[in-house]
Amino acid sequence: MVREIVAEVCDIVAERGARLVGAGIMGIVKKLGRIANKKSVITVEGGLYEHYRIFRNYLHSSVWEMLGSDLSDNVIIEHSHGGSGAGALFIAASQTRDADS
C-alpha cells in the first residue's frame, strides 16, 4: 500500500514538472513569435526526459494541450545527446560576435 502511494506521488510530481517545462517552452516560443508561422525544434537534455517515458509523454501532451491539434505540429521536442557541455558550447557560439562586424 505504501509503495502504491509513493508511485502515485511520483506520478503527480512528474506530471507537474512536465507541465511546467511545457509552459516554459511555450512561453519562450511564443515570445519569439514562432508559434503560428514557423516550425521550432526544441532540444531537451537529461536523463529524466530520456529514460522516463511517462515524463516525456506528459511533456508532449501538455504542449499539445496548449497549442491544440492545428499548431502543435509547429513545435517539435527532441532529446539532445550532447550533454550539458555541448549545450553550453552552442549557446556561447550563437552569442559570439566577430570583432570585424
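**A walk through the fold, starting at Thr 43**

Let's start at Thr 43, which sits in strand β1, the stretch covering residues 40-44. Keep in mind as you look around that this is a predicted model. Is Thr 43 buried or exposed? Its relative accessible area is 55%, and the bar for exposed is over 50%, so Thr 43 counts as exposed.

The rest of β1 puts that in context. Side chains along this strand alternate: Ser 40, Ile 42 and Val 44 point to one face and are buried, while Val 41 and Thr 43 point to the other face and are not.

Now look across to the partner strand. β1 and β2 pair in the parallel sense, with 5 bridges between them. Thr 43 has Glu 78 of β2 standing opposite, and Ile 42 has Ile 77 opposite in β2. If you skip residues up to four places away in sequence, Thr 43 touches Glu 78 and Ser 80. The pairing brings together parts of the chain that are well separated in sequence: Thr 43 and Ile 77 are 34 residues apart along the chain, yet their C-alpha atoms are 5.9 Å apart in space.

β2 shows an alternation of its own. Val 75, Ile 77 and His 79 point to one face and are buried, whereas Ile 76 and Glu 78 point to the other and are not.

What do the buried residues build? In soluble globular proteins, nonpolar side chains tend to be buried together. Here the largest nonpolar core has 14 residues, and the members touching the most others are Ile 42, Val 75 and Ile 77. At least two residues of this core come from each of α1 (2-31), β1, α3 (53-71) and β2 (75-79). Val 75 is a good place to zoom in: beyond its neighbours within four places in sequence, Val 75 is in contact with Met 26, Val 29, Ser 40, Ile 42, Val 63 and Leu 67.

Just before β2, have a look at the loop that leads into it from α3, where you'll find Ser 72. Is Ser 72 buried or exposed? Its relative accessibility is 13%, and buried means under 20%, so Ser 72 counts as buried. Leaving out residues up to four places away in sequence, Ser 72 touches Trp 64 and Leu 67.

Another loop worth a stop is the one between α2 (47-51) and α3, home to Tyr 52. At 29% relative accessibility, Tyr 52 counts as partly exposed. Apart from neighbours within four places in sequence, Tyr 52 is in contact with Ala 14 and Gly 47. Ala 14 is 38 residues away from Tyr 52 in sequence, with 9.2 Å between the two C-alpha atoms.

As for the aromatic rings, the count of aromatic pairs comes to 0. There is a charge over a ring, though: the charged end of Arg 56 sits over the ring of Tyr 49, 5.8 Å from its centre.

Stepping back, the protein has 4 helices and 2 strands, and reading along the sequence gives the pattern α-β-α-α-β-α. Of its 101 residues, 21% count as buried. The exposed surface is about 7,500 Å², with carbon and sulfur atoms supplying 59% of it. Among contacts with a separation of 6 or more, 78% come from residues 24 or more positions apart.

Terms used
Residues numbered from 1 in each chain as written. Predicted model: local features only at pLDDT ≥ 70, side-chain atom pairs only at ≥ 80, totals over all residues. Heavy atoms only, no water. Phe/Tyr/Trp six-rings, centres within 6.5 Å; stacked < 30°, edge-to-face > 60°. Lys NZ or Arg CZ within 6 Å of the ring centre and 35° of its normal. Buried < 20%, exposed > 50% of the residue type's maximum accessible area, 1.4 Å probe, protein only. Contact = heavy atoms within 4.5 Å. Core = buried A, V, L, I, M, F, W, Y, C linked by side-chain atoms within 4.5 Å. Pairing = 2+ DSSP bridges. Areas by Shrake-Rupley, 256 points an atom, 1.4 Å probe, with all protein chains shown as cover.
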